[in-house]
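Good morning, and thank you for making time for this item. I would like to go through one structure with you, from the whole chain down to a few individual residues.

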Amino acid sequence: MQLVVDWDGTVTANDTLHAAIERFGDVGVFRALEEEIGRRLTLQEVISVEMATISAPLDDVVAFLLDTIALRAGFRELVERYDPLVVSMGFHELINPLLERDGIDARVVANRLDPAPDGWRAVFREQETCAVCGEPCKRSDVAGLDGFVYVGDGFSDRCVAGAASRVFARDGLAEYLAARGIPFEPFTDFRDLDAALSQAAS
């Protein structure tokens, strides 16, 4: 079984990008653009504009995240047991320090940051335009994986969840799937998830 897990709001108890923008960026831009995701703008376009409102040194932002962002309970054990692939629309520069802080060695697919002093620039990994959702999405990150289990919480997880054989969802992703009658299993933390996976394997 291949386990694929979203990062922000799934592995993390709070979304690191949202936290960084609220502390160092323009909250007004953030709130306005979040309403446009999937409508007028793609997720990548929204993230690019939001990140450009941050001009603080990367070290300052990372220090803030290390002090304020916790990983969801049971993630370390999940990594040790299942070696999940973490797929994120966030950035290695913000993800890796949190993993290092907690002594976790996880496989991560994410984007890169150019933290320029006149506004951060998002450097996105190569993702094909998806034939299902019409924009670059996480389906390209799992191409070639058959029968994978997906775990997520938000907008970036919607399309890729449709390619999974089993889905665990919370928050916005759970609401989206429930509204469309798409099967999923809720979870609170990774201990719940591990218990559900172990039960299915027995």
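I will begin with the overall fold, continue with helix packing, and end with selected residues.

Please keep in mind that this is a predicted model. The chain has 202 residues, and 50% of them count as buried. Its secondary structure comprises 9 helices and 7 strands. The radius of gyration is 16 Å, close to the 17 Å given by the globule rule for 202 residues, so the chain is as compact as a globular protein of that length. The C-alpha trace extends over about 55 × 40 × 30 Å along its principal axes. As for contacts with a separation of 6 or more, 60% of them join residues that lie 24 or more positions apart.

Let me turn to helix packing. Two packed helices are described by the angle between their axes and by the distance between those axes.

The first pair on my list is H4, residues 58-68, with H6, residues 92-101. Their axes are 10 Å apart and meet at an angle of about 45 degrees. At that angle, H4 is oblique to H6. The crossing of H4 past H6 is right-handed. On the H4 side, the contact is formed by Leu 58, Val 61, Val 62, Leu 65 and Leu 66. H6 contributes Glu 93, Leu 94, Pro 97, Leu 98 and Arg 101. In terms of residue class, this contact holds 8 nonpolar and 2 charged residues, with no polar ones.

H4 also packs against H1, residues 16-24, at an angle of about 120 degrees and with the axes 10 Å apart. How are H1 and H4 oriented to each other? An angle from 65 to 115 degrees would count as roughly perpendicular and one over 145 as roughly antiparallel, and H1 and H4 are therefore oblique. Their crossing is right-handed. From H1, the residues in contact are Thr 16, Ala 19, Ala 20, Arg 23 and Phe 24, and from H4 they are Asp 60, Val 61, Phe 64 and Leu 65. Here the classes are 6 nonpolar, 1 polar and 2 charged.

Val 61 deserves a separate word, as a member of H4 that appears in the contact with H6 and in the contact with H1. Is Val 61 buried or exposed? With a relative accessible area of 0%, Val 61 is buried. Leaving aside residues up to four places away in sequence, Val 61 touches Ala 20, Phe 24, Ile 54, Ala 56, Leu 94 and Trp 120. Val 87 lies 26 residues from Val 61 in sequence, and the C-alpha to C-alpha distance between them is 21 Å.

Next come three aspartates. Asp 194 belongs to helix H9, residues 190-201. Its relative accessible area is 17%, and Asp 194 is therefore buried. Beyond residues up to four places away in sequence, Asp 194 touches Arg 81 and Tyr 82.

Asp 83 has a positive phi of about 50 degrees, although it is not a glycine. Asp 83 sits in the loop between helix H5 (75-82) and strand E2 (85-91), and at 38% relative accessibility it counts as partly exposed.

Asp 171, also a residue other than glycine, has a positive phi near 50 degrees. Asp 171 is in helix H8, residues 171-179, and is partly exposed, with a relative accessible area of 42%.

That concludes the presentation.

Key
Residues numbered from 1 in each chain as written. Predicted model: local features only at pLDDT ≥ 70, side-chain atom pairs only at ≥ 80, totals over all residues. Heavy atoms only, no water. Axes fitted to C-alpha atoms, helices over the stretch in contact; angles between N-to-C directions. Helix = DSSP H or I, 4+ residues; strand = E, 2+ residues; numbered from the N terminus. Parallel < 35°, antiparallel > 145°, perpendicular 65-115°, else oblique. Left-handed = near helix turned anticlockwise from the far one by under 90°. Contact = heavy atoms within 4.5 Å. Nonpolar A, V, L, I, M, F, W, Y, C, P; charged D, E, K, R; others polar. Buried < 20%, exposed > 50% of the residue type's maximum accessible area, 1.4 Å probe, protein only. Rg over C-alpha atoms; globule rule 2.2 N^0.38 Å.
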